[in-house]
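I am opening a notebook page on this protein, and I want to write down, step by step, what I look up.

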Amino acid sequence: MPKSKWIAALAAAATLLALPAAAQATLVFTRAPLNPSVYAANDNGSGVHKVAKGSQPDVSPNGAMVAYYREGPGHAQQLMLAATDGSGKPRQLLAAWRESFVFAWSADSGTVAALTGPELGKKRLVTIDVASGKQKTIARGYFSGVSFAPEGGELVYAKAGGENYPPKSDVYKADLATGKSVPLTKDHRSLEPLWGPNGTIVFAKLVGSKSRKYGPKNELFLMNESGAQVRRLTHTVVDPLLFGLSPTQWSADGSRLLTEFGGQDTSYAVTVDPKTGAERALTKEREIGFVGAALSADGSAVLGSVGEFEGNVAGRKVLTIPYAGGKPKLLVANASEPDWNR
């Protein structure tokens, strides 16, 4: 490993080790969906306080900042940034934020990756330096996932050249210093990459496009950071109108993986063993059940919510469930869209 990467890896590891030692990690969430605001709290649900008007919060790895969506003048879709302690004035990172589900923080909390551009047509994948607001364009196209390398300096993303369905998408790796991207897959059916520890990348591959009536399903595959040593991880039963698993988060040591099973009117959290591919749903509900949001760094706890898509706002709750399964624990009532840096 080059010296620069070795130093970065040590820094990233030190950050991860420091997090559990903190008194509390940071939890963020949304309340009042018709007039939403972003709130922050300790990761046990205590110390709740309002941060700013907005929704779709994504907390930084160091817990100090939260990126979120705000509707600006003329219905502008703004990517905003605020301090989680409520201090200071929120500031805009993007005036035209698109497809907020394609978003990532770097491990050092210094950079975010997001999409911008017109409402219709190709988007730009950009990285934004949090301190200066400076943008760098990484690629143009139609995107379905982005993830930074844990040690920094690189990211992976999935891109298609057109809007056709199924998308003819491949996974690419970009060097953030040079801006150069190289393809890691060339099958035109790979998407949603998530870079994990030890140079392992999990991604979804579209399977069964010819045999399935309503379109392909997702199956999870693993590869190394060079696009080699590809192996299929999951063999999932996926009914028509559902698309299967998408990766959500790795544990810090790479031994545990959180995913989400989705499709029409369906979303629920599923754990996957990165060695065997064994799957286990965290709740019995098989439609809109416990929606997984994040996995703790030590892999012990899954953060999520129930009632996300129900009309009864009072039924929305932010919960944790042990990764190994067990009784849900309520963190915050009347809340949704959670994230944490635990």
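Entry 1: the overall build

I start with what the words helix and strand stand for here: both are DSSP runs, of at least four residues for a helix and at least two for a strand, and they are numbered from the N terminus. With that settled, I looked up the count and found 1 helix and 28 strands in the protein. The radius of gyration is 19 Å, close to the 20 Å that the globule rule gives for 342 residues, so the protein is as compact as a globular protein of that length. I keep in mind throughout that this is a predicted model.

For the outer dimensions, I noted that the C-alpha atoms fill a box of roughly 50 × 45 × 45 Å, taken along the principal axes. I then turned to the accessible surface, which comes to about 16000 Å², and I wrote beside this value that 53% of the surface belongs to carbon and sulfur atoms. Of the 342 residues, 49% count as buried. When I looked at contacts between residues at least 6 apart in sequence, 37% of them turned out to join residues at least 24 apart.

Entry 2: charges and the first salt bridge

I looked up the charged side chains next and found 38 positive and 30 negative ones, with the centres of the two sets lying 3 Å apart. How many salt bridges does the structure hold? I found 5, and I followed some of them one by one.

One of these joins the side chains of R342 and D43, with a distance of 3.8 Å from N to O. R342 lies in the segment after strand 28 (336-340), while D43 sits in the loop between strand 2 (37-42) and strand 3 (49-53), so this pair ties together parts that are 299 residues apart in sequence. I also checked how well each partner is covered: R342 counts as partly exposed at 36% relative accessibility, whereas D43 is buried at 10%. The cut-off that I needed for this step is that buried means under 20% relative accessible area.

Entry 3: K205 and its surroundings

I moved on to K205, which is found in strand 17 and forms a salt bridge with D187, the closest N and O atoms being 3.2 Å apart. D187 belongs to the loop between strand 15 (181-183) and strand 16 (190-195), and the two residues, 18 apart, link distant parts of the chain. Is K205 buried or exposed? At 11% relative accessibility, K205 counts as buried, while its partner D187 is partly exposed at 27%.

I then listed what K205 touches, not counting residues up to four places away in sequence, and found D187, R189, S190, K217, N218, E219 and F221. As a distance check I also looked up G304, which is 99 residues from K205 in sequence and 25 Å from it in space, C-alpha to C-alpha.

Entry 4: a network of salt bridges

Two names from the contact list of K205, K217 and E219, came up again when I found that K217, E219 and R232 are linked in a network of salt bridges. Within this network, the side chains of E219 and R232 meet at 3.1 Å, N to O. E219 lies in strand 18 (residues 217-224) and R232 in strand 19 (residues 231-232), so the pair ties together parts that are 13 residues apart in sequence. E219 counts as buried, at 0% relative accessibility, whereas R232 is partly exposed at 32%.

Entry 5: two more residues

I looked up G289, which is found in the loop between strand 23 (279-281) and strand 24 (291-295) and which counts as buried at 6% relative accessibility. What does G289 touch, leaving out residues up to four places away in sequence? The list holds S267, Y268, S305 and V306. For V306, which is 17 residues away along the chain, I noted a C-alpha separation of 6.1 Å from G289.

My last residue is S55, which lies in strand 4 (residues 55-59) and is buried, with a relative accessible area of 10%. Setting aside its neighbours within four places in sequence, S55 is in contact with T30, P36, V38, Y68, Y69 and E337.

Conventions
Residues are numbered from 1 along each chain as its sequence is written. This is a predicted model: local features need pLDDT of at least 70, side-chain atom pairs count only at pLDDT 80 or more; totals for chains, interfaces and linings use all residues. Side-chain values use heavy atoms; hydrogens and water are left out. A salt bridge is a side-chain nitrogen of Lys or Arg within 4 Å of a carboxyl oxygen of Asp or Glu. Buried means under 20% relative accessible area, exposed over 50%, partly exposed in between (1.4 Å probe, protein chains only). The radius of gyration is taken over C-alpha atoms; the globule rule is 2.2 Å times the number of residues to the power 0.38. Contact means heavy atoms within 4.5 Å. Accessible areas come from the Shrake-Rupley method with a 1.4 Å probe; for residues, only the protein chains shown count as cover. Lys and Arg count as positive and Asp and Glu as negative; His and the chain ends are not counted. The place of a charge is taken as NZ of Lys, CZ of Arg, CG of Asp or CD of Glu.
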